[in-house]
Amino acid sequence: QVAGAAETFTIHGLTPSTTYYVAIKVRDEVPNWSALSSPVSFTTDPIDLDPPVAVTDLHVDTMHIHAAYLSWTAPADVGTAGVAGYDLRYSTAPIDDGNWGAATQVTDVPVPADAGTKQQCAVTGLDPSTTYYFAIRSFDWAEPANVSALSNVVSGTTMPPIVPVVVHNPWIVSDRVADTHNISTMAA
């Protein structure tokens, strides 16, 4: 950042109920190092055993030929670790706790926003004219991570493939010579 701008850094993987001391040094491109900053201390929260709240409003916004567009409200974390991410999956069979592991995992899921914020995700690579089921779980930063209950399960059917349109020019005189009429004239 430019001089005077605020910066933040999050440290993960700390031991619960432990006091830590943190200080920082900065350097330039040479590198010349600064003196050590004033140390600060903090105590981590006790171990977090509570999973985030389950998503209850997963929704299919629209379906296309090879994609589904989903939305949901970002859940809160009941514990102290904070929501770290989402595990969004889809299948051609209804999803439940028993077959969750067999469902296909979506790789480009957005990072969690603040609780109560609307989130969206595009699921691509789907087959046309196929019904898909979707469900999501959230997990927190605890180690090991606490995983939410399964969300509501939603479904949608992708659109059929596009059939190409063939345009025949009625003004073709022969297979080698065409009249000067064009597609615009034909449309008129």
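The legends below describe close-up views of a predicted model.

**View 1. The three-stranded open sheet E3-E4-E7 is antiparallel.** Three strands make up this open sheet, and they follow the order E3-E4-E7. Its edges are strand E3, residues 59–63, and strand E7, residues 118–124, each of which pairs on one side only. On average, neighbouring strands of the sheet are turned by 25 degrees against each other, direction ignored. Between E3 and strand E4 (residues 67–73), the antiparallel pairing comprises 4 bridges. One of the residues involved is His-59, whose bridge partner in E4 is Ser-71. The pairing of E4 with E7 is likewise described as antiparallel and extends over 7 bridges. Here Trp-72 has Gln-119 of E7 as its bridge partner.

**View 2. The side chains of strand E7 point alternately to two faces.** In a regular strand, side chains alternate between the two faces of the sheet. On one face of E7 lie Gln-119, Cys-121 and Val-123, which are buried. The side chains of Lys-118, Gln-120, Ala-122 and Thr-124 point to the other face and are not buried. Gln-119, on the buried face, is also the residue that bridges to Trp-72. Val-123, likewise on the buried face, is among the residues with the most contacts inside the largest nonpolar core.

**View 3. The four-stranded open sheet E6-E5-E8-E9 is antiparallel.** This open sheet contains 4 strands in the order E6-E5-E8-E9. Strand E6 (residues 104–105) and E9 are the edge strands, and each pairs on one side only. Strands E5 and E8 run antiparallel and are joined by 8 bridges. Within this pair, Phe-134 of E8 stands opposite Tyr-90. Phe-134 also belongs to the group with the most contacts inside the largest nonpolar core.

**View 4. The largest nonpolar core has 20 residues.** The residues with the most contacts inside this core are Leu-58, Trp-72, Leu-88, Val-123 and Phe-134. Two or more core residues come from each of E3, E4, E5, E7 and strand E8 (131–140). A second, separate core has 5 residues, including Ile-95, Trp-100, Ala-135 and Leu-150. Apart from residues up to four places away in sequence, Leu-88 touches Leu-70, Thr-104, Gln-105, Val-106, Val-109, Cys-121, Val-123, Ala-135 and Ile-136. Among these partners, Cys-121 and Val-123 are on the buried face of E7, while Ala-135 is a member of the second core.

**View 5. Ala-84 in strand E5 is buried and contacts residues distant in sequence.** Ala-84 belongs to strand E5, which spans residues 83–91. This alanine counts as buried because its relative accessibility is 18%, below the 20% limit for that class. Beyond its neighbours within four places in sequence, Ala-84 is in contact with Pro-112, Phe-139, Asp-140 and Trp-141. Of these partners, Trp-141 is 57 residues away from Ala-84 along the chain, yet their C-alpha atoms are separated by 5.2 Å.

**View 6. Cis peptide bonds precede Pro-31 and Pro-144.** The peptide bond joining Val-30 and Pro-31 is cis, with omega at about 10 degrees. Pro-31 is located in the loop that connects strand E1 (19–22) with strand E2 (40–43). Glu-143 and Pro-144 are also joined by a cis peptide bond, with an omega of about 5 degrees. Pro-144 occupies the loop between E8 and strand E9 (154–157). Pro-144 is classed as exposed because its relative accessible area is 68%, over the 50% limit. Gly-13 and Pro-144 are 131 residues apart in sequence, and the C-alpha to C-alpha distance between them is 9.9 Å.

**View 7. Ser-17 and Ser-129 have positive phi values.** Phi of Ser-17 is near 50 degrees, a positive value in a residue other than glycine. Ser-17 is situated in the segment before E1 and is exposed, with a relative accessible area of 52%. Ser-129, also not a glycine, has a positive phi of about 55 degrees. The loop between E7 and E8 contains Ser-129. Ser-129 counts as partly exposed because its relative accessibility is 47%, which lies between the limits of 20% and 50%.

Technical notes: Residues numbered from 1 in each chain as written. Predicted model: local features only at pLDDT ≥ 70, side-chain atom pairs only at ≥ 80, totals over all residues. Heavy atoms only, no water. Buried < 20%, exposed > 50% of the residue type's maximum accessible area, 1.4 Å probe, protein only. Contact = heavy atoms within 4.5 Å. Pairing = 2+ DSSP bridges. Axes fitted to C-alpha atoms, helices over the stretch in contact; angles between N-to-C directions. Core = buried A, V, L, I, M, F, W, Y, C linked by side-chain atoms within 4.5 Å.
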